[in-house]
Amino acid sequence: MKAIEELQKYAPSCSILYVEDDVMLLEATCSFLENFFEAIDIAKNGKEGLALFEIGKYEIVISDINMPLMNGIEMCHHI
């Protein structure tokens, strides 16, 4: 319970980049994350995620691994 309280305390000030190509999973995960975080940007592939990362400031990046154009591991390598 203490971990949830800590998350609720600090999460609103954090920005997240969530990279996922599966639309159903993206929607479900964003719905969950919105309970804790105010700023969630989404990308549908690694190339789009990297472009957003380069212009934004994110404390947390969550990424799928297998995606078109650029996979999550390649994207993280570039980050």
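Here are some exercises, with worked solutions, on the predicted model shown above.

**Exercise 1. Get an overview of the protein: which elements does it have, and in what order do they run?**

Solution. Start by counting: the protein has 4 helices and 3 strands. Now walk along the chain from the N terminus, and the elements run α-β-α-β-α-β-α. Next comes overall size. Along its principal axes, the C-alpha trace of the protein spans about 40 × 25 × 15 Å. The radius of gyration is 13 Å, close to the 12 Å that the globule rule gives for 79 residues, so the protein is as compact as a globular protein of that length. Two percentages round this off. Of the 79 residues, 32% count as buried. Among contacts with a separation of 6 or more, 58% are between residues 24 or more positions apart.

**Exercise 2. Work out the strand order of the sheet, and find which strands stand at the edges.**

Solution. The order is β2-β1-β3 in an open sheet of 3 strands, with parallel pairing. Strands of a sheet pair through backbone hydrogen bonds, either parallel or antiparallel. The edge positions go to β2 (39-43) and β3 (60-63). Each of these has a single partner strand, so one side of each is left without a neighbour in the sheet. From one strand to the next, the twist averages 20°.

Now zoom in on one pair. β1 and β2 run parallel and are joined by 5 bridges. Pick L17 and you'll find its bridge partner in β2 is D41. Move on to Y18, and its partner in β2 is I42.

Last step: look for a helix against the sheet. α2 lies across β1, β2 and β3, and it runs at about 170° to β2.

**Exercise 3. Decide whether β1 is enclosed or open to the outside.**

Solution. Take the two faces in turn. On one side sit S15, L17 and V19, on the other I16 and Y18, and all of them are buried. So both faces of β1 are covered. The tally is 5 of the 5 residues buried, so β1 is largely enclosed by the rest of the structure.

**Exercise 4. Find the largest nonpolar core: how many residues make it up, and which element gives the largest share?**

Solution. The largest nonpolar core has 10 residues in all: A11, C14, I16, Y18, L26, C30, L33, F36, F37 and I40. Sort them by element, and those that give two or more residues are β1 (15-19) and α2 (23-33). The largest share, 3 residues, comes from α2. Then try one member: leaving aside its neighbours within four places in sequence, A11 is in contact with F36 and F37. Don't stop there, though. Apart from this core lies another, of 8 residues, among them V19, M67, M70 and M75.

**Exercise 5. Explain why C30 is not bonded to C14, then check C76.**

Solution. Begin with the count, which comes to 0 disulfides. For C30, the closest cysteine sulfur is in C14, 16 Å away, which is too far for a bond. A disulfide would need the two sulfurs within 2.5 Å. C30 itself is buried, with a relative accessible area of 10%. Turn to C76: the nearest cysteine sulfur, that of C30, is 17 Å away, and C76 is in no disulfide. With a relative accessible area of 45%, C76 is partly exposed.

**Exercise 6. Compare M67 and L69: is each one buried or exposed?**

Solution. Place them in the chain to begin with. M67 lies in the loop between β3 and α4, and L69 has its place in the loop between β3 and α4 (72-78) too.

Now check accessibility. M67, at 10% relative accessibility, counts as buried, whereas L69 is exposed, with a relative accessible area of 69%.

Then ask what M67 touches. Not counting residues up to four places away in sequence, M67 touches V19, E20, D21, N45, G46 and G72. For a sense of distance, M67 and E38 are 29 residues apart along the chain, and their C-alpha atoms are separated by 25 Å.

Finish with the backbone of L69: its phi is positive, about 70°, although L69 is not a glycine.

Technical notes. Residues are numbered from 1 along each chain as its sequence is written. This is a predicted model: local features need pLDDT of at least 70, side-chain atom pairs count only at pLDDT 80 or more; totals for chains, interfaces and linings use all residues. Side-chain values use heavy atoms; hydrogens and water are left out. A nonpolar core is a set of buried Ala, Val, Leu, Ile, Met, Phe, Trp, Tyr and Cys residues joined through side-chain atoms within 4.5 Å. Buried means under 20% relative accessible area, exposed over 50%, partly exposed in between (1.4 Å probe, protein chains only). Contact means heavy atoms within 4.5 Å. Two strands pair if DSSP finds at least two bridges between them. Axes are lines fitted to C-alpha atoms, for helices over the stretch in contact, and angles run from 0 to 180 degrees between N-to-C directions. The radius of gyration is taken over C-alpha atoms; the globule rule is 2.2 Å times the number of residues to the power 0.38.
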